[in-house]
Amino acid sequence: MKYQEFVARVRERGEYDNAAEAQQVISVVVTCLAERLTPDEARQLGSQLPAEMGDFLESAAGGAQRIGVTEFLRKVSDGIGATERTAEWDASAVLSTIADAVSGGELNDVVTQLPSGYAALFGRPNVSG
């Protein structure tokens, strides 16, 4: 999937007014996700996404911070400047698009690194590690 196609899908799912708004949401959500992944997992996930996102994931990868969904959404909310409910919508628009773009095995690897509850944000509530 090309980056512009990824942005278009997120824009459609999130019902954003323009591509710039979708790109801002993608940036914040991917940063928050990358902070929760090991550098190796971020690299593996990035290898299945558009190059722009792969580079971003690798540079933002953190020490696999194990925070729950509520704290994750709070960080997304702070980054976007929205309510936590809106942040849940935004996170789901991006993460479900990621889930569509990567293999099932890679999605499972990512969800395995995250505390319980994240799979639903990826649009795959039955996926677990």
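**Stop 1: the end of α5**

Select G81, which follows α5 and has a positive phi, near 80°. You are looking at a predicted model. Now step back into the helix itself, residues 69-80. How far apart are the end C-alpha atoms of α5? They are 16 Å apart, which agrees with the span that 12 residues should have at 1.5 Å a residue.

Show the side chains of V69, F72, L73, V76, S77 and I80. These residues of α5 are buried. Look down the axis of α5: the buried residues fall within an arc of 140°, so they line one face of the helix. Next, find what lies over that face. The cover of the buried residues of α5 includes α2 and α6.

**Stop 2: V29 in α2**

Move to α2 and select V29, which sits in this helix. Is V29 buried or exposed? Its relative accessibility is 0%, so V29 counts as buried. The cut-off for buried is under 20%.

Select the neighbours of V29. Leaving out residues up to four places away in sequence, V29 touches F72, V76, D90, A91, V94 and L95. Two of these, F72 and V76, were among the buried residues of α5. Others, including D90 and A91, are buried residues of α6.

Add S92 to the view. V29 and S92 lie 63 residues apart in sequence, while their C-alpha atoms are 9.1 Å apart in space.

**Stop 3: along α6**

Select α6, residues 84-101. This helix has 18 residues. From first C-alpha to last it reaches 25 Å, close to the 26 Å expected at 1.5 Å a residue.

Which residues of α6 are buried? Colour A87, D90, A91, A93, V94, L95, S96, T97, I98 and A99. Then show the helices around them. What covers these buried residues includes α1, α2, α3, α4, α5 and α7, the last at residues 104-113.

**Stop 4: α1 and its two sides**

Go to α1, residues 3-14. It has 12 residues and reaches 16 Å from end to end, C-alpha to C-alpha, close to the 16 Å expected at 1.5 Å a residue.

Show Y3, F6, V7, V10 and G14, the buried residues of α1. They cover an arc of only 100° around the axis, which puts them on the same side of α1. That buried set packs against α2, α4 and α6. Now turn the helix around. What does the face turned away from the buried side carry? It carries the exposed residues Q4 and E12.

**Stop 5: where α1 meets α2**

Keep α1 on screen and add α2, residues 19-34. Two packed helices are described by the angle between their axes and the distance between the axes. Here the axes come within 9 Å and cross at roughly 95°. Angles of 65 to 115 degrees count as roughly perpendicular. α1 and α2 are therefore roughly perpendicular to each other.

Select the residues that meet. From α1, take Y3, Q4, F6, V7, V10 and R11. From α2, take A19, A22, Q23 and I26. Sorted by class, this contact has 7 nonpolar, 2 polar and 1 charged residues.

**Stop 6: E15 in the loop**

Select E15, just after α1. Its place is in the loop between α1 and α2. Check its phi: near 55°, a positive value in a residue other than glycine.

Is E15 buried or exposed? With 61% relative accessibility, E15 counts as exposed. Even so, show its contacts. Not counting residues up to four places away in sequence, E15 touches V10 and W89. Then add L49: it is 34 residues from E15 in sequence and 22 Å away in space, C-alpha to C-alpha.

**Stop 7: α3 beside α4**

Finish with α3, residues 39-46, and α4, residues 51-60. Their axes come within 8 Å and cross at roughly 175°. Angles over 145 degrees count as roughly antiparallel. α3 and α4 are therefore roughly antiparallel to each other.

Which residues of α3 meet α4? Select A42, R43, L45 and G46 in α3, then their partners G54, L57 and E58 in α4. By class, the contact of α3 with α4 has 3 nonpolar, 2 polar and 2 charged residues.

Note on methods
Residues numbered from 1 in each chain as written. Predicted model: local features only at pLDDT ≥ 70, side-chain atom pairs only at ≥ 80, totals over all residues. Heavy atoms only, no water. Axes fitted to C-alpha atoms, helices over the stretch in contact; angles between N-to-C directions. Helix = DSSP H or I, 4+ residues; strand = E, 2+ residues; numbered from the N terminus. Parallel < 35°, antiparallel > 145°, perpendicular 65-115°, else oblique. Contact = heavy atoms within 4.5 Å. Nonpolar A, V, L, I, M, F, W, Y, C, P; charged D, E, K, R; others polar. Expected span 1.5 Å × (residues − 1). Buried < 20%, exposed > 50% of the residue type's maximum accessible area, 1.4 Å probe, protein only. Arc of directions from axis to C-beta.
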